[in-house]
Amino acid sequence: AADIPGLTVTNQSTAYNATVNDFVLMNGTFTVTLPSAPATSSVVAVKNVGTGLVTVARGGTDTIFVFTSGQTSFGLAPGEVILVIYDATNTRWAVY
């Protein structure tokens with residue numbers, strides 16, 4: 001897969017620990033774990049390219065801010081894609 005400006009595409013078909021600037025293409029019912037406490041404005045993208053449910057989980061004690069609540073994980077249905085940006089002040093990943 002080709003690189004996307006600022007992000008590096010990585011194809012995964014097992015559980016995966018994401019790194020900053022990854023664009024994870026996940027194929028299978030597995031978990032992608034976000035980096036723990038990276039620098040503010042760090043970015044990770046995840047797309048479910050398979051048919052199962054992909055779980056996106058926090059790293060460490062960070063939360064994942066979805067709509068109005070902090071969560072420890074959430075699911076991506078087939079075809080869904082998310083971009084998360086880290087907020088070090090509030091120790092959370094914001095979902096876009």
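The exercises below work through the sheets and side-chain contacts of a predicted model.

**Exercise 1.** Give the strand order of the sheet formed by four strands, and find its edge strands.

Solution. The four strands follow the order S2-S4-S6-S9 in an open sheet with mixed pairing. Strand S2 (16–17) and strand S9 (73–76) are the edge strands, since each pairs on one side only. Next, take the contact of S9 with strand S6 (residues 54–57): the two run antiparallel and are joined by four bridges. Within this pair, Val 56 has Phe 74 of S9 as its bridge partner.

**Exercise 2.** Do the same for the sheet formed by seven strands.

Solution. This open sheet has the order S1-S3-S5-S10-S11-S7-S8, and its pairing is mixed. Its edge strands are S1 (8–12) and S8 (69–71), each paired on one side only. Direction ignored, neighbouring strands of the sheet are turned by 30° against each other on average. Inside the sheet order, strand S3 (residues 22–26) and strand S5 (residues 43–48) run parallel, joined by four bridges. Here Phe 23 stands opposite Ala 45 in S5.

**Exercise 3.** Describe the surroundings of the Arg 92 side chain, and decide whether Arg 92 is buried, partly exposed or exposed.

Solution. Start with charge: side chains of opposite charge can pair when their charged atoms come close. Arg 92 and Asp 87 form a salt bridge, with 3.7 Å from N to O; this lies within the 4 Å cut-off. The count for the model is one salt bridge. Then look at rings: Arg 92 lies over the face of Phe 65, 4.0 Å from the ring centre. Finally, accessibility: Arg 92 has a relative accessibility of 24%, so Arg 92 counts as partly exposed.

Notes
Residues numbered from 1 in each chain as written. Predicted model: local features only at pLDDT ≥ 70, side-chain atom pairs only at ≥ 80, totals over all residues. Heavy atoms only, no water. Pairing = 2+ DSSP bridges. Salt bridge = Lys/Arg side-chain N within 4 Å of Asp/Glu carboxyl O. Buried < 20%, exposed > 50% of the residue type's maximum accessible area, 1.4 Å probe, protein only. Lys NZ or Arg CZ within 6 Å of the ring centre and 35° of its normal. Axes fitted to C-alpha atoms, helices over the stretch in contact; angles between N-to-C directions.
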